[in-house]
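Work through these exercises with the model on screen. Try each task before you read its solution.

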Amino acid sequence: MSHLDLDPTQLDRYSRHIILDDVGPEGQKDLLDAKVLVLGAGGLGAPIIQYLAAAGVGTLGIADDDEVELSNLQRQVIHGDDDVGRKKVDSAAEFVADLNPDVDVERHELRVTPDNIEELIDGYDFVVDGTDNFETRYLVNDACTLAGIPFSHGSIFRFEGQVTTFAGDDDSPCYRCLFPEAPPAGMVPNCATAGVLGVLPGTVGCLQATETVKHIMSKGETLDGSMLFFDALDMEFDKVEIPKQDDCPVCGDDPAIESVHDVEYTASCAIDVGGDSEPEIEASD
């Protein structure tokens with residue numbers, strides 16, 4: 001089968017991939033066949049969506065219920081001045097269509113909640129978390145870990161960022177192995193109150209996109225089992241190990257969390273001890 005049925009336009013578009021010995025037409029075909037869900041079409045989601053679309057990831061799910069604001073444009077590079085007031089999923093989908101017609105976009109204009117996340121992630125090969133609050137991060141971790149779906153986590157704060165990948169293997173840790181519960185409400189301010197260097201999410205989002213592409217093609221080593229910290233002011237990277245914890249409440253030997261409905265995703269994201277509410281969680285950054 002010549003070039004795995006890539007047509008002449010694709011052979012040209014992806015030529016710089018195809019000539020790489022570790023990618024070739026086989027790796028490009030893996031990308032074209034992949035389904036990736038990006039949660040958030042904001043600061044982190046923008047470069048993630050941009051580079052995954054350019055790489056030829058065949059199906060991109062984009063989940064966000066927010067609208068583009070003028071203050072977003074300092075860092076959310078897939079949106080423009082004319083997009084202010086539009087839904088981010090619509091602006092993002094239009095950007096992808098202009099960039100690469102090979103990519104099918106599945107729009108999910110919604111807030112992620114414990115009631116919809118299982119259906120939302122079902123059928124995707126990989127999830128990229130570009131959200132901006134602890135509640136969603138824990139919800140994504142728990143849902144993906146329980147479903148066995150690999151995912152990338154990224155976060156940003158002022159001049160610093162962090163990235164990791166959770167492969168979902170038996171010996172892989174999860175986010176709760178490192179942070180069993182979120183810090184108390186108000187301890188960590190968000191970008192709206194603390195500010196963020198505009199180029200920082202570009203760096204962190206590109207690292208997440210790199211992790212995604214490598215995982216899809218089964219090439220190289222991902223950050224599974226470690227977290228990469230980036231300090232933009234000092235231009236330093238540090239990597240720390242994330243050991244799998246036997247007592248982890250979601251991936252440990254005797255997990256206390258068997259469903260996303262076992263957790264109250266507010267403030268500490270602690271295991272539910274009898275609360276009835278299931279609040280909505282933002283899926284944007």
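**Exercise 1. Strand neighbours**

How many bridges join β1 to strand β4? Then find which residues stand opposite Leu37, and follow the chain from β1 to β2.

*Solution.*
Step 1. Keep in mind that this is a predicted model.
Step 2. Go to strand β4, residues 126-129. It is joined to β1 by 4 bridges, and the two strands run parallel.
Step 3. Locate Leu37. Its bridge partner in β4 is Val127.
Step 4. Now turn to strand β2, residues 59-63. β1 and β2 also pair in the parallel sense, over 5 bridges. In β2, Gly61 stands opposite Leu37.
Step 5. Trace the chain from β1 to β2. The path goes through helix α4 (residues 45-55), and this β-α-β crossover is right-handed.
Step 6. Check the cover of β1, residues 35-39. Of its 5 residues, 4 are buried, so the strand is mostly covered.

**Exercise 2. An aromatic pair**

Classify the ring pair of Tyr138 and Tyr175, and say which parts of the chain the pair ties together.

*Solution.*
Step 1. Recall the two values you need. A pair of aromatic rings is described by the distance of the centres and the angle of the planes.
Step 2. Take the distance. The centres of Tyr138 and Tyr175 are 5.1 Å apart. The cut-off for a pair is within 6.5 Å, so the rings pair.
Step 3. Take the angle. The planes of Tyr138 and Tyr175 make 70 degrees. Planes over 60 degrees apart count as edge-to-face, so that is the class of this pair.
Step 4. Place the residues. Tyr138 lies in helix α7 (residues 134-147), and Tyr175 lies in helix α8 (residues 175-178). The pair therefore ties together parts that are 37 residues apart in sequence.
Step 5. Check the accessibility. Tyr138 has 0% relative accessibility, so it counts as buried. Tyr175 has 3%, so it counts as buried too.
Step 6. Widen the view. Ring pairs link Tyr138, Tyr175 and Phe179 into a cluster. A search of the whole structure finds 4 aromatic pairs.

**Exercise 3. Charges over rings**

Find the rings that have Lys35 and Arg137 over them.

*Solution.*
Step 1. Start at Lys35. It lies over the face of Tyr124, 5.2 Å from the ring centre.
Step 2. Move to Arg137. Its charged end sits over the ring of Phe134, 5.1 Å from the centre.

**Exercise 4. Positive phi**

Locate Arg158 and Met235, and decide whether each is buried, partly exposed or exposed.

*Solution.*
Step 1. Read phi for Arg158. The angle is positive, about 55 degrees, although Arg158 is not a glycine.
Step 2. Place Arg158. It is in the loop between β5 (151-157) and β6 (160-166).
Step 3. Classify Arg158. Its relative accessibility is 42%, so it counts as partly exposed.
Step 4. Read phi for Met235. The value is positive, near 50 degrees, in a residue other than glycine.
Step 5. Place Met235. It is in the loop between β7 (226-231) and β8 (236-241).
Step 6. Classify Met235. Its relative accessible area is 57%, so Met235 is exposed.

**Exercise 5. The whole protein**

Which share of the 285 residues counts as buried, and how many helices and strands are there?

*Solution.*
Step 1. Count the elements. The protein has 10 helices and 8 strands.
Step 2. Take the buried share. It is 49% of the 285 residues.
Step 3. Take the surface. The accessible surface comes to about 13,200 Å², and 47% of it belongs to carbon and sulfur atoms.

Technical notes. Residues numbered from 1 in each chain as written. Predicted model: local features only at pLDDT ≥ 70, side-chain atom pairs only at ≥ 80, totals over all residues. Heavy atoms only, no water. Phe/Tyr/Trp six-rings, centres within 6.5 Å; stacked < 30°, edge-to-face > 60°. Buried < 20%, exposed > 50% of the residue type's maximum accessible area, 1.4 Å probe, protein only. Lys NZ or Arg CZ within 6 Å of the ring centre and 35° of its normal. Areas by Shrake-Rupley, 256 points an atom, 1.4 Å probe, with all protein chains shown as cover. Pairing = 2+ DSSP bridges. Right-handed = clockwise from strand over helix to strand, strands pointing away.
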